[in-house]
Amino acid sequence: MTGVIYRFLSLLPLPLLYWLSWPLFLLIYYLPGYRKNVVRQNLKSAFPEKNEAEVALLTRKFYQQLADVALEILKTRTMQPADIKRRVKVVNPTLLEQLSEGFTRSVVVLAIHQGNWEWMLHGVKLALDIPVDPVFKPLRNRSLNQIALEIRSRFGSHPVELGEVGRNILRHRSDFRLFALVADQAPSAAERYHRVLFLQRETAFYVGAESLVRSTALPVVFAQCSRSSRGHYAIQFKTVAIPPYNSEGYPITERYASFAEEAILNEPESWLWTHRRWKQ
């Protein structure tokens, strides 16, 4: 049933989906409210200087944007390359070209759940005409997992399961590609993590990306997705680290966390505050 609804919505024109965004916002904000307590507590913790009215306004802005992004992502299934190119702009592609030595050496791209992270993937691939392998952790819900894979496979991208990334890199070590990880979720208790000060709190970050970068000696960049206007986004790359790497500490994870925090503080309403980010 979920798949049928998804496919129906994806056939609707984007202006109509934006019209539907308002009732979706009312549903997830008021009736009964999707993780609203989690969002408000996260915002209060990250912005202790804001009063109750300011937190309430920021909460409302977040849910309004979340409704837009959810419908935009569903629309991806029927969008054409020209639609993505018109709506997603890459600000500084030359940095990626330099670090990849003219698109001949693979690069690890780290991002966060900000702006429209799915359109970011497709925007970079189509703008630069390069292969992109988005790394993913399978969702428990099979139907939702299939939908996510379908969306991420649009326009020729090749999703790679997290546990297969190392082997995938080895298989394609002579080929250029971007390995894209959205790595701002909370690690499980069984996963290795490193704690850094992030948004006013000691925060655990999954260190799998750092281990991957060290083992493959690939350069790593941060991709920031900013919302230019409704349905339009800008992608900017920032250098996180360049090999050779030493084995001390977690500098890549710490620099990633720093870039992530800066991006969130610049545009707080567009980060995914529904994560139970500080459960550990």
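Before anything else, a word on naming: a strand, written with an E, is a DSSP run of at least two residues, and strands are numbered from the N terminus. With that in hand, we can say that Lys89 lies in strand E1, and I should add at once that what we are looking at is a predicted model.

Let me stay with Lys89 for a moment. Is this residue buried, exposed or partly exposed? Its relative accessibility is 48%, and since exposed means over 50% and buried means under 20%, Lys89 counts as partly exposed. If we set aside its neighbours within four places in sequence, Lys89 is in contact with Tyr233, Ala234 and Ile235. There is also a polar atom of the Lys89 side chain that lies 3.0 Å from the backbone oxygen of Lys85. As for Phe47, which is 42 residues away from Lys89 along the chain, the C-alpha atoms of the two are separated by 30 Å.

A little further along we come to Asn92, which sits in the loop between strand E1, residues 88-90, and helix H6, residues 93-99. Asn92 has a relative accessibility of 18%, and because buried means under 20%, it counts as buried. Which residues does Asn92 touch, if those up to four places away in sequence are not counted? They are Ile235, Gln236 and Phe237, and in the case of Phe237 we can be more specific, for the side chain of Asn92 reaches the backbone oxygen of that residue at 2.8 Å.

Now please turn to the helices. In general, two packed helices are described by the angle between their axes and the distance between the axes. Here the pair is helix H2, residues 14-29, and helix H4, residues 52-75, whose axes come within 8 Å and cross at roughly 135°. The two helices are therefore oblique to each other, and H2 passes H4 in a right-handed crossing. On the H2 side the residues that meet H4 include Leu17, Trp22, Phe25 and Ile28, while on the H4 side those that meet H2 include Tyr63, Leu66, Asp68 and Lys75. Taken together, the residues of this contact divide into 14 nonpolar, three polar and four charged.

Helix H4 comes up again when we look at helix H3, which spans residues 36-46 and whose buried residues are Val38, Val39, Arg40, Asn42, Leu43, Ser45 and Ala46. What covers these buried residues? The cover includes H4 and strand E7, residues 201-206.

Next, I would like you to find Val135 in strand E3, which runs over residues 132-136. With a relative accessibility of 14%, Val135 counts as buried. Although Val135 and Ala180 are 45 residues apart along the chain, their C-alpha atoms are separated by 5.8 Å. Ala180 is also one of the residues in contact with Val135 once neighbours within four places in sequence are left aside, and the others are Val160, Leu162, Val165 and Leu181.

Finally, consider Glu210, which is found in helix H10, residues 208-216. Glu210 is buried, with a relative accessible area of 2%. What does the side chain of Glu210 join through a polar contact? The partner is the side chain of Thr253, and the contact is 2.7 Å. Thr253 also belongs to a run of residues in contact with Glu210, again leaving aside neighbours within four places in sequence, and that run is Gly249, Tyr250, Pro251, Ile252 and Thr253.

Notes. Residues numbered from 1 in each chain as written. Predicted model: local features only at pLDDT ≥ 70, side-chain atom pairs only at ≥ 80, totals over all residues. Heavy atoms only, no water. Helix = DSSP H or I, 4+ residues; strand = E, 2+ residues; numbered from the N terminus. Buried < 20%, exposed > 50% of the residue type's maximum accessible area, 1.4 Å probe, protein only. Polar contact = N/O pair within 3.5 Å; in protein donor to acceptor, adjacent residues only side chain to side chain. Contact = heavy atoms within 4.5 Å. Axes fitted to C-alpha atoms, helices over the stretch in contact; angles between N-to-C directions. Parallel < 35°, antiparallel > 145°, perpendicular 65-115°, else oblique. Left-handed = near helix turned anticlockwise from the far one by under 90°. Nonpolar A, V, L, I, M, F, W, Y, C, P; charged D, E, K, R; others polar.
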